[in-house]
Amino acid sequence: MRIKIDHTLCTGCKQCEFACALAHAGKANPWRSRIRVFIEEDFCLPVIAGPYTEASCNSKGIVMVDGVEVNECVTCRASCPVKAVYKEPDTGIPLKCDFCGDPPDPQCVQWCAPEALKLVED
Amino acid sequence: MRDEVRMRTIGPRSNWKNGPTNKIAFFIQNCEETMFGWKGNILRVDLTNGATHVEEMPAYLMKEYIGGRGMAIRILFDEIDPAIDALSPENKLIFATGPLAGTGAPAASRFVVSAKSPLSNCIANPVCGGYFAINLKEAGFDLIIVEGKAPNPVYLEIENERVFIRPAEHLWGMTCSEVEQTIKKNMKDRLDEWQQDLLSVVSIGPAGENLVRFACVMADGGRAAGRSGMGAVMGSKNLKALTALGTGDVAVADPDGFRKAITQFYRENKPAMDKRRNDGTWYLPGRANASKSQATLNFRSGYSAEFAKYEDVEVIRQAIRVRDEACASCPFACGKRSRIKDPAYPLTAKGPEHETMALLGTNCGIYDIEDICRANYLCNELGMDTITTGCVISCAMEMYEEGYLPEKDLGFPLPFGSLNTFQLLKQVAFRQGIGDLMAKGGMPLAAHYGHPELYMGIKGLGIPAWHPQAFDALGLQYATNNVGAGHTKSTMPFYEGRKDPAGYVEWTKKDQDYVATVDSAVMCWIIFHGPQWGDKLAEWLSIITGKAHTVEGLNYLGERIWNLERLFNLRAGLTRADDSLPPRITQEPRVKNRVVDLERLLDDYYRRRGWDENGVPTRETLKALNLQNEGAGVV
């Protein structure tokens, strides 16, 4: 199972972040969330936190999304020493998506009204 | 290397600096936190002395005034003399969030901007969406009170309970989007890409700097606290912008219960959400036009055949839409980002929304959606309220066509539909030529040329898109709103009883009180559209704050807030004569062959409100609302 992201449907409301933070930390704070939404002028990019990586990258690339240049750091799922996101704000402990338990019941998917996030089997 | 890079992340560092350094101490600190939905801090900024203070939020404000609009009127009522000049340093500007903002409650990321209005000379409380409200809450503040006047242009930077007043000479004169880009660019070496993206900027454009009396406050690249000229108040204080970035928590009393209630709300309202996301407010111009109720040619008509092609939402979507854009926390996402094909305007803009399409569109005789987009884009960038601007320009157009306004004063012809409108918008914002007179508002312009009846405004604010003659209750609602002709201060009368006079006067009162509670919880009234949503609002407030709220209790508080605003207006010198409509609405049957019989409706409305025939609350009414002391001097 995985969460399929269709960024063209995302409206940038960030409700996935609140759902995640409320489910995992019991507090409303997007900084405690394991999913973040990056907002560009023409589209929004929801990115789900992946495994922690100790080292920062030697080089940074550029990713083309719908013809717009986006910093690779933004599309990268890793929680790393460089980025401000995917860390508990008080302790700095890295965060990673756990699909809200077993069997998976991701709260971000439940709160995604435009269905940009979908739980799919494959 | 690693430490050096880490300096750039404000999350862990800033909290370590001010707070406990180990997990156990942090846990204890969190256990002591008892305030739910609120941060409990008021930020007071004294621009004259360049000082900032943090005050504790008084408990009575949270209990008796809910938040946002209610708190703002209470503070203004206590701290300023309503009779002052709105553009003087004595006026105070309040940015207020509510208990729901930043909790994840749908459609609650909104803040109220409140002060005495320079346009209407009464209370003003426009509400604005975007991301600023959640950022402000996360940074640790519920409310900002801005006082005095800075000697030089400044902007206010808020970052996790740290507040800086920074010089803004380099930003002065910039348009709203330029301000946002410049501030973000200057922070590049401190913030990473994510933090720059999350940083929220509220600013004024050149119109606000030049004290145009209908200038608005713009937030997050296109959201506006539009009505009543709050941009001019901000400009009079030499405050160019505010920025907010926060990483703190907003505690919810019952997180699991809250999550379940919201999930339930999502399931129940899926079709409404999908429809609103697809249509935005773009289905409304077509609907208003088809029912002959849309402001057209300075309210001379309710229908235009040229605009009829936009009755299908898909036509507008195909023409200009880039993507659907939500405010933070809003699953309805009625905002639309748009772009036109004209290469001279390569930038995207928010909107235009229904009101803009009507007032800058059909009301000025401009029927092409791309032209409306250009006008909307200019207004957003210059920082002007599209509704009042539209009414002022349509007034000038009618006076030009009737021959009252000579072409030599304008410098160019200005018949209805003229694209010289774009030139005129810039002249108004920079106060050049006739723009200087127009910037004072529609009433001074129309009176200058001897025809005050041609400005379609109430208490100075331009009348919104729905023609007041379209529904009986609408004229009464516009005329009696405390802020003037506000389009968001009562929900539109789409309900069964609207044809029954006894029904709709009572409904108007109920509706206005209800919207006062919605604005105080700072929810979006587009979502909680009508008093039937009161129980949902009470439920969410109870779950989030942990204090029981009931529908009756909220209605009582709403009525109290409404009456307090009325007392503020009376102290500012307003009378029954200001609760009026332009003669075109009360005398000339332009739409659906009827006029608004306002005087009769007003008598009925005042009686139901418990006010005397001059619109002054009686002692008994104030006693029932526990406002006896506030009424001293006017009652």
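**Close-up 1. Strands β16 and β17 of chain B run antiparallel to one another.** In this predicted model, β16(B) covers residues 335-338 and pairs with β17(B) over two bridges. Want a spot to zoom in on? Look at R337(B), whose bridge partner in β17(B) is K350(B).

**Close-up 2. Step back a little and you get an open sheet of three strands in chain B.** The order goes β15-β16-β17, with antiparallel pairing. The edges belong to β15(B) and β17(B), the latter made of residues 349-350, and each of these strands pairs on one side only. Strands of a sheet pair through backbone hydrogen bonds, either parallel or antiparallel.

**Close-up 3. Here a strand from chain A pairs with one from chain B.** β2 of chain A, residues 27-28, lines up with β14(B) in the antiparallel sense, again over two bridges. Within this pairing, K27(A) sits opposite A251(B) of β14(B).

**Close-up 4. Now for where chain B meets chain A: 43 residues of chain B are in contact with 39 of chain A.** On the chain B side, several elements each chip in at least two residues, including the helices α1 (2-6), α2 (10-18) and α3 (23-32), plus the strands β14 (250-251) and β15 (321-325). Which element gives the largest share of that side? That's α11(B), with five residues. Helix α11(B) spans 255-268, and α12(B), at 270-279, is also among the contributors. As for chemistry, the side of chain B touching chain A has 18 nonpolar, twelve polar and 13 charged residues.

How values were computed: Residues numbered from 1 in each chain as written. Chains lettered and ligands numbered in written order. Predicted model: local features only at pLDDT ≥ 70, side-chain atom pairs only at ≥ 80, totals over all residues. Contact = placed C-beta atoms within 7 Å. Helix = DSSP H or I, 4+ residues; strand = E, 2+ residues; numbered from the N terminus. Nonpolar A, V, L, I, M, F, W, Y, C, P; charged D, E, K, R; others polar. Pairing = 2+ DSSP bridges.
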